[in-house]
Amino acid sequence: ITRELKEVQYEAKVIDVPELGYVHISFTGVYRPGFKMKMIKVAGEEIQKLGYRKLLGDFTGGSISLSATEVFQRPGYFEEAGIPKDTRIAYVFHPEKTKIDIPFAEDVFFNRGWEVKFFFDLDEALAWLLAKSDEASDQ
């Protein structure tokens with residue numbers, strides 16, 4: 001299952017990966033904050049429909065910049081989209097096209113009850129996402 005969201009400067013695909021039990025958001029282009037709820041809402045709909053509790057946000061094909069305020073608001077967007085708090089979320093970014101305070105972002109999610117980790121390598125992100133929860137928390 002692939003659902004595409006297209007705007008002038010960016011595109012997102014939400015892909016069902018049934019053999020591994022996760023939803024994959026693939027993003028290309030320049031991220032604009034106004035697009036966030038559309039993308040998160042579609043991911044939330046797919047997670048609820050499929051019953052998965054794993055989400056991979058792949059931003060390696062685009063550039064993204066989030067202020068501290070935007071990072072702090074992000075867990076609320078997940079709640080608003082109906083993504084259950086027991087969903088494991090791995091974000092992967094292009095290291096040269098990302099402006100996010102990653103330790104701060106991970107702390108914000110953790111303090112709000114979410115299991116979210118940020119990566120610059122897709123294989124590492126997938127390994128963490130697909131590992132058992134107790135093994136992943138040690139990494």
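Select Arg88 and Glu115: Glu115, in strand β7, is the bridge partner of Arg88. Two strands count as paired if DSSP finds at least two bridges between them. Strands here are DSSP runs of E with at least two residues, helices are runs of H or I with at least four, and both are numbered from the N terminus. What you have open is a predicted model, where local features need pLDDT of at least 70, side-chain atom pairs count only at pLDDT 80 or more, and totals for chains, interfaces and linings use all residues. Residues are numbered from 1 along each chain as its sequence is written, and side-chain values use heavy atoms, with hydrogens and water left out.

**Stop 1: strand β5 and its neighbours**

Now widen the selection to β7, residues 115-119. Five bridges join β7 to β5, and the two run parallel.

Colour β5, residues 88-93. Six of its six residues are buried. Buried means under 20% relative accessible area, exposed means over 50%, and partly exposed lies in between (1.4 Å probe, protein chains only). Look along the strand. Arg88, Ala90 and Val92 point one way. Ile89, Tyr91 and Phe93 point the other way.

Next, add β4, residues 54-65. It runs parallel to β5, with six bridges joining them. Pick out Phe59: its bridge partner in β5 is Phe93. Follow the chain from β4 through α2 to β5, a β-α-β crossover that is right-handed. That is, with the strands pointing away from the viewer, the path from the first strand over the helix to the second runs clockwise.

**Stop 2: two residues of β4**

Select Asp58, in strand β4. Is Asp58 buried or exposed? Asp58 is buried, with a relative accessible area of 9%. Show what it touches, leaving out residues up to four places away in sequence: His24, Ile25, Ser26, Phe27, Val92 and Leu122. A contact means heavy atoms within 4.5 Å.

Move to Thr60, also placed in β4. Thr60 is partly exposed, because its relative accessible area is 30%. With the same sequence neighbours left out, Thr60 touches Val92, Phe93 and His94. Draw a distance from Thr60 to Tyr91: their C-alpha atoms are separated by 9.4 Å, and the residues are 31 apart along the chain.

**Stop 3: helices α2 and α3**

Select α2 (residues 68-80) and α3 (residues 102-111). They pack at an angle of about 35°, with axes 9 Å apart. Axes are lines fitted to C-alpha atoms, for helices over the stretch in contact, and angles run from 0 to 180 degrees between N-to-C directions. Which residues of α2 and α3 make the contact? From α2 come Ala68, Val71, Phe72, Arg74, Pro75 and Phe78. From α3 come Phe104, Ala105, Val108 and Phe109. The set divides into nine nonpolar, no polar and one charged.

**Stop 4: Trp128**

Jump to helix α4, residues 122-130, and select Trp128. Trp128 is buried, with a relative accessible area of 3%. Add Lys117, which is 11 residues away along the chain. The C-alpha atoms of Trp128 and Lys117 are separated by 8.4 Å.

**Last stop: the whole chain**

Zoom out. The protein has five helices and seven strands. Along the sequence they follow the pattern β-β-β-α-β-α-β-β-α-β-α-α. Buried residues make up 45% of the 139 residues. Of the contacts with a separation of 6 or more, 70% are between residues 24 or more positions apart.

Terms used
Ala, Val, Leu, Ile, Met, Phe, Trp, Tyr, Cys and Pro count as nonpolar, Asp, Glu, Lys and Arg as charged, and the others, Gly among them, as polar.
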